[in-house]
Amino acid sequence: MNALISVNVGLPRDVEWQGKVVCTAVWKRSAAGRVMARHLNLDGDGQGDLAGHGGEHRAVMVYQLDSYRYWETYLQRHDFEYGQFGENLTVEGLPDEEVCIGDRYRIGGALFEVTQPRVTCYRVGIRMNNPQMPALLVSHERPGFYFRVIEEGEIGAGDEIVKVADGAERVTVAEIDALLYLPGHPRDQLERALRVPALSAGWKASLKALLGTDKKGGNAGLAPSSAPPPAWSGFRSLRVAAVRRESVDVLSFVLESEDQSPLPAPSAGQFLVFKLELDKNSAPIVRSYSMSGPQDTGTYRVSVKRAGGAGSRYFHERVQVGDLLQVSAPRGSFTLAPNDRPVVLLSAGIGATPVLSMLHSLAATEANSNREIWWCYGGRNGREHPFALEALELLKALPQSHSLVAYSKPEDGDRLGKDYDVRGRLTLSSLEERNVPKTADFYLCGPVSFLADLTTALKGWGIADSCIHSETFGTESSITPGIASTTLLPPHQPAGAVGGGPKIFFTRSGLTVRWNERYGSLLEFAEACDVPVRWACRTGVCHVCESGLIGGKVNYAPEPLDRPSEGDILICCSTPLSELELDL
């Protein structure tokens, strides 16, 4: 007989972990007496991270007594208590390989429906005092699952669990967990799983991403990217074929192969990484610049604004026609989405470069269509406005094109209505006034404040996250679930003795550090350097930490459950085998 063995609850609390403070409710304890099951959780229970846990489809976590017995044997441990795996309901029966998404069960006075497998994260590793636990739960096909509460009611230990309905398509918890996290992703199984009405929206989105990709390698359900693998690894020599002035402070550099054979075509919106040797007595620096030209010329163009940085000064003061530069293959996933929706290209300052590349692509492919294309640019004035004439010429090739230019500090010679359209900064109100379509895909690039303000405004306007695409010139924002906020420090050498390992170039952060073997992974090393990072499981399952590997080789320990895309690595479970250039 299927039965409820224990009802476990716990409220969020702060826990010390690796020098950080984690807010978590993974510590559950058996509740005495009967407990009310409500639509969002059980009475007396809570979730520390509502972005990753909780909500209607993740209201109640279930784990099986049989899995307790399995892990006791596998881990050689006999110290478990109910709630040990962060579950709300410890049950007899209901194995993951038999329970199906959409199955409904009556327990006591409540009615439940199975919605998805457990979302594995590092906190179950903290609770189990075993950091590999998130990966073990998936690889051993014992994740457990979530209920949503269809009818609220009281439940208690000893209640019989009665199945009252079968889920559509009969897709088990174990099957759907493996479908997302393990290699393979058979198309017929994805289609079958997506026909299950009860499956949570988050899992449906991940499976749709897997279904919609034709990439070989990587896991689009966990780390979506429309970019193909890099055309080459590491760096190769490219010759500067031309240098052109675009504005008072922007120069463009056209690059060609040494033998003048055509370079592999990039995707519009991608960037190049340069390894620049400033002088013979210092280590090279690594810098990234977006490509700004068309995709079909067999050459690459980058445009660099003169600024205070060493890379910018090097390009403006030293790079000449005929010079050889060490350059990566085109990289990045800030590319045009494959659909027919209107396109709004939003940029400010030198942020025009990747979206100008997109405009080139659209002018080449949409010249005979009625697709709406909007070019929206914000700058200071005409002297500092790069690509003004080039953008206008490209827009002329598009039947349904629109231009919106804002100058924050126009000069006397700048003509309102001719050279620019709005005095001030580019804002949501200026988009609304011109009836920019809300059904569009929005592509944003520019200074951090520009991106933050417009992204917030667009979301407030009702634009879905999936329709807002952005590129930053610096580091990306961190994802560190449950970690208490701390003062952000600029990237730096880690504390203590300098390591003797290979050099690690954090290209977005502008930091070069020698690897130190006292760190267990590149993720831990990056954290010690205060390089912004993203992660969730820390054991090679979730792919949140997937980062670009521009050059070099790594070793995995543990081996990821599903390998990342070619040209990427999972920093949570890798260490360097050579000098590395990372897109971090």
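The protein exposes about 25,000 Å², and carbon and sulfur atoms supply 49% of that area. I should say at once that what we have in front of us is a predicted model, and everything that follows is to be heard with that in mind.

Let me stay with the chain as a whole for a moment. Its secondary structure comes to 12 helices and 31 strands. The radius of gyration is 27 Å, close to the 25 Å that the globule rule gives for 584 residues, so the protein is as compact as a globular protein of that length. Along the principal axes, the C-alpha trace spans about 80 × 55 × 45 Å. Buried residues make up 54% of the 584 residues, and, among contacts with a separation of 6 or more, 69% are accounted for by residues 24 or more positions apart.

I will begin the local part with the hairpin towards the start of the chain. Strand β2, residues 13-17, and strand β3, residues 20-24, pair in the antiparallel sense over five bridges, and in that pairing Glu-16 stands opposite Val-21 of β3. Two residues lie between the strands of this hairpin, and Gln-18, which is in the turn, has a positive phi of about 50 degrees. Val-21 also gives us a reference point for Gly-55, since the C-alpha atoms of these two residues, 34 residues apart along the chain, are separated by 23 Å. Gly-55 itself is found in the loop between β5, residues 35-37, and β6, residues 60-64, and with a relative accessibility of 31% it counts as partly exposed.

Moving along the chain, we come to helix α4, residues 173-181, which is mostly covered, eight of its nine residues being buried. Among those buried residues are Val-173, Ile-176, Asp-177, Leu-180 and Tyr-181. What covers the buried residues of the helix includes strands β9 and β10 together with helices α3, α5 and α6. In the loop between β12 and α4 lies Arg-170, whose phi is near 55 degrees, a positive value in a residue other than glycine; with a relative accessible area of 33%, Arg-170 is partly exposed.

The next stop is an open sheet of six strands, with the order β16-β15-β18-β13-β14-β17 and antiparallel pairing. The edges are taken by β16, residues 285-290, and β17, residues 300-305, each of which has a single partner strand, so one side of each is left without a neighbour in the sheet. From one strand to the next, the twist averages 45 degrees. Strand β15, residues 271-276, runs antiparallel to β16 and is joined to it by six bridges, with Val-273 standing opposite Ser-288 of β16. Helix α7, residues 310-317, packs on this sheet, where it touches β14, β15, β16, β17 and β18, and its direction makes about 75 degrees with that of β16.

Within this sheet I would like to single out Ser-252, whose place is in strand β14, residues 250-257. Which side chains does the side chain of Ser-252 meet in polar contacts? One is that of Glu-246, at 2.7 Å, and another is that of Ser-303, at 2.6 Å. Ser-252 counts as buried, because its relative accessibility is 1%, where the limit is under 20%. Leaving aside neighbours within four places in sequence, the residues in contact with Ser-252 include Ala-242, Arg-244, Ser-292, Arg-301 and Phe-387.

Finally, let us turn to the far end of the chain. Here five strands form an open sheet in the order β26-β25-β31-β27-β29, with mixed pairing. The edge strands are β26, residues 511-514, and β29, residues 568-570, each pairing on one side only, and neighbouring strands are turned by 35 degrees against each other on average, direction ignored. Two bridges join β27, residues 546-551, to β31, residues 580-582, the two running antiparallel, and Leu-549 stands opposite Leu-582 of β31.

Two backbone details accompany this region. In the loop between α12 and β27 we find His-543, which has a phi near 70 degrees, again a positive value in a residue other than glycine, and which is buried, with a relative accessible area of 3%. In the loop between β28 and β29 lies Pro-558, and the peptide bond leading to it from Ala-557 is cis, with omega near 5 degrees.

Definitions and conventions. Residues are numbered from 1 along each chain as its sequence is written. Side-chain values use heavy atoms; hydrogens and water are left out. Two strands pair if DSSP finds at least two bridges between them. Helices (H or I, at least four residues) and strands (E, at least two) are DSSP runs, numbered from the N terminus. Axes are lines fitted to C-alpha atoms, for helices over the stretch in contact, and angles run from 0 to 180 degrees between N-to-C directions. Buried means under 20% relative accessible area, exposed over 50%, partly exposed in between (1.4 Å probe, protein chains only). A polar contact is a pair of N or O atoms within 3.5 Å; within protein, one must be able to donate a hydrogen and the other to accept it, and residues adjacent in sequence count only if both atoms are side-chain atoms. Contact means heavy atoms within 4.5 Å. The radius of gyration is taken over C-alpha atoms; the globule rule is 2.2 Å times the number of residues to the power 0.38. Accessible areas come from the Shrake-Rupley method with a 1.4 Å probe; for residues, only the protein chains shown count as cover.
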